[in-house]
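Trainee: I would like to go through the helix packing and the aromatic pairs here, one question at a time.

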Amino acid sequence: MSYNKAIEINPKHANAYFNKGLCLSKMEKHKEAVEAFDKVIEINPMDDQVQGYKAICLQHMKDIKKHKESIMSVDKAIDFNLKDAKACFNEGLCLQNMKKHKFAIMSYDKAIEIDPKYTDAYYNKGICLFAMNQHKEGVESFDKALKLDP
């Protein structure tokens with residue numbers, strides 16, 4: 001990987017670690033991707049974007065402890081940028097994957113409040129509502145998603 005060469009030349013090259021993490025994630029090498037993202041965080045602790053990518057990788061790991069860690073990572077991203085709809089959405093995904101549908105809906109609602117046209121947030125909210133046997137509300141959420149993105 002050419003990112004390794006860039007890191008060898010400059011061990012504080014946050015973008016090289018970030019891009020390496022993205023590549024590893026695409027290759028489904030999530031543990032290694034998390035390690036690369038951790039290096040970015042070590043270099044630049046205020047990087048909210050990398051926290052979201054780290055959370056997604058942690059979610060792909062089939063360990064419930066990693067799922068809890070993913071929530072903490074997303075929470076840090078939200079703390080850095082309270083108006084980040086994607087971070088709120090990612091928090092919802094983490095909670096949804098942990099079957100915490102009520103809390104996931106709250107995160108999706110935060111994402112929708114920040115970005116009322118966030119189609120995926122409406123869609124995933126609908127999935128959670130269905131999982132909670134709130135079918136009418138789920139259909140309403142799906143309808144909003146379809147209205148925004150037919």
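Trainee: Which handedness does the crossing of α6 and α8 have?

Mentor: Bear in mind that this is a predicted model. Where α6 passes α8, the crossing is left-handed.

Trainee: Are α6 and α8 roughly parallel or roughly antiparallel?

Mentor: Two packed helices are described by the angle between their axes and the distance between the axes. The axes of α6 and α8 come within 11 Å and cross at roughly 20 degrees. Angles under 35 degrees count as roughly parallel. Therefore α6 is, relative to α8, roughly parallel.

Trainee: How many residues in the contact of α6 with α8 are nonpolar?

Mentor: From α6, the residues F89, L93 and Q96 take part, and they meet D120, A121, N124, I127 and C128 of α8. By type, one residue of this contact is charged and two are polar. The number of nonpolar residues is five.

Trainee: How many aromatic pairs are there, and of which kind is the pair of F18 and F37?

Mentor: The structure holds seven aromatic pairs. In one of them, F18 and F37 lie 5.9 Å apart, centre to centre, with 50 degrees between the planes. Planes under 30 degrees apart count as stacked and over 60 as edge-to-face. The pair of F18 and F37 falls in the remaining class, tilted.

Trainee: Which helices does the pair of F18 and F37 link?

Mentor: The two residues are 19 residues apart, so the pair links distant parts of the chain. F18 is buried at a relative accessible area of 12%, and F37 is buried at 0%. F18 belongs to helix α2 (residues 14-26), and F37 to helix α3 (residues 30-43).

Trainee: Which residue joins F18 and F37 in one aromatic cluster?

Mentor: The cluster takes in F18 and F37, which also form a pair of their own. Its further member is Y53.

Trainee: Is the pair of F89 and Y118 stacked or edge-to-face?

Mentor: F89 is buried, with a relative accessible area of 9%, and Y118 is buried at 15%. The ring centres of F89 and Y118 are 5.1 Å apart. Their planes stand at 25 degrees, so the pair is stacked.

Trainee: Where does Y118 lie, given that F89 is in helix α6?

Mentor: F89 sits in the helix of residues 85-97. The pair ties together parts that are 29 residues apart in sequence. Y118 lies in the loop between α7 (101-114) and α8 (119-131).

Trainee: Is A131 buried or partly exposed?

Mentor: A131 is in helix α8. Buried means under 20% relative accessible area. A131 has 45%, so it counts as partly exposed.

Conventions: Residues numbered from 1 in each chain as written. Predicted model: local features only at pLDDT ≥ 70, side-chain atom pairs only at ≥ 80, totals over all residues. Heavy atoms only, no water. Phe/Tyr/Trp six-rings, centres within 6.5 Å; stacked < 30°, edge-to-face > 60°. Helix = DSSP H or I, 4+ residues; strand = E, 2+ residues; numbered from the N terminus. Buried < 20%, exposed > 50% of the residue type's maximum accessible area, 1.4 Å probe, protein only. Axes fitted to C-alpha atoms, helices over the stretch in contact; angles between N-to-C directions. Parallel < 35°, antiparallel > 145°, perpendicular 65-115°, else oblique. Left-handed = near helix turned anticlockwise from the far one by under 90°. Contact = heavy atoms within 4.5 Å. Nonpolar A, V, L, I, M, F, W, Y, C, P; charged D, E, K, R; others polar.
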